[in-house]
Amino acid sequence: MNIHDCIFCKIVRKQIPANIVFEDEELLAFKDINPIDKVHLLIIPKDHIESLFSCEPKHKELLSKMLLLAPKLA
């Protein structure tokens, strides 16, 4: 699969609709379409990262920002 075909990349590019609750230059947060609780959000980086296993030291600040954003949105 081409990374630009990733469902999350399409949401970032606004090709797939999402109920966005937060957006800045690096991150996008939106409501899950199949929530398992009252607050069920997905926080994704705008730059495609395949998985946590593919993260490198250069992603440290971005991952930290994602983790710190979660309780603020919840």
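Two residues are taken to be in contact when heavy atoms of each lie within 4.5 Å. The structure described here is a predicted model. On this criterion, and leaving aside neighbours within four places in sequence, Lys-31 is in contact with Asn-19, Val-21, His-40 and Leu-41. Lys-31 belongs to strand 2, and its C-alpha atom is separated by 7.2 Å from that of Val-21, 10 residues apart from it along the chain. The residue counts as partly exposed because its relative accessibility is 43%, a value between the limits of 20% for buried and 50% for exposed residues.

The strand that holds Lys-31 takes part in an antiparallel pairing, in which strand 1 (residues 20-23) and strand 2 are joined over three bridges. These two strands form a hairpin, with three residues between them. One bridge brings together Glu-23 and its partner in strand 2, Leu-28. In a regular strand, side chains alternate between the two faces of the sheet.

Ile-20 is likewise located in strand 1. Residues up to four places away in sequence being left out, Ile-20 touches Lys-14, Leu-28, Ala-29 and Phe-30. With a relative accessible area of 30%, Ile-20 is partly exposed. The C-alpha atoms of Ile-20 and Glu-56 are 27 Å apart in space, for a separation of 36 residues in sequence. Lys-14, one of the residues touched by Ile-20, is found in the loop between helix 1 and strand 1. Its phi angle is near 65 degrees, a positive value in a residue other than glycine. Lys-14 has a relative accessible area of 46% and is therefore classed as partly exposed.

Helix 1 and strand 2 also contribute to a pocket. The second largest pocket encloses about 160 Å³ of space. Helix 1 (7-12) and strand 2 (27-31) are the elements that give two or more residues to the lining of this pocket. Helix 1 gives the most, with three residues. The lining consists of Ile-7, Phe-8, Ile-11, Ile-16, Pro-17, Ala-18, Asn-19, Phe-30, Lys-31, Asp-32, Ile-33 and Leu-42. By residue class, nine of the lining residues are nonpolar, one is polar and two are charged. Lys-31 and Asn-19, which are in contact with each other, are both included in this lining. Phe-30, another lining residue, is among the residues touched by Ile-20.

The cysteines were examined for covalent links. A disulfide is a covalent bond between the sulfur atoms of two cysteines. A search of the whole structure finds zero disulfides. Cys-6 is in no disulfide, and the nearest cysteine sulfur, belonging to Cys-9, lies 4.1 Å away; the cut-off applied to a pair of sulfur atoms is 2.5 Å. For Cys-55, the closest cysteine sulfur is that of Cys-6, and no bond is assigned because the separation of 13 Å is too far. The accessibility classes of these residues were also assigned. Cys-6 counts as buried because its relative accessibility is 12%, under the limit of 20%. Cys-55, at 21% relative accessibility, counts as partly exposed.

Key: Residues are numbered from 1 along each chain as its sequence is written. This is a predicted model: local features need pLDDT of at least 70, side-chain atom pairs count only at pLDDT 80 or more; totals for chains, interfaces and linings use all residues. Side-chain values use heavy atoms; hydrogens and water are left out. On a 1 Å grid over the protein atoms alone, a cavity is a set of points where a 1.4 Å probe fits but cannot get out, and a pocket is an open set with protein on both sides within 12 Å along at least five of seven lines; lining residues have an atom within 4 Å of a point. Grid points are joined across faces, edges and corners, and a volume is the space filled by probe spheres set on the points. Helices (H or I, at least four residues) and strands (E, at least two) are DSSP runs, numbered from the N terminus. Ala, Val, Leu, Ile, Met, Phe, Trp, Tyr, Cys and Pro count as nonpolar, Asp, Glu, Lys and Arg as charged, and the others, Gly among them, as polar. Two strands pair if DSSP finds at least two bridges between them. Buried means under 20% relative accessible area, exposed over 50%, partly exposed in between (1.4 Å probe, protein chains only).
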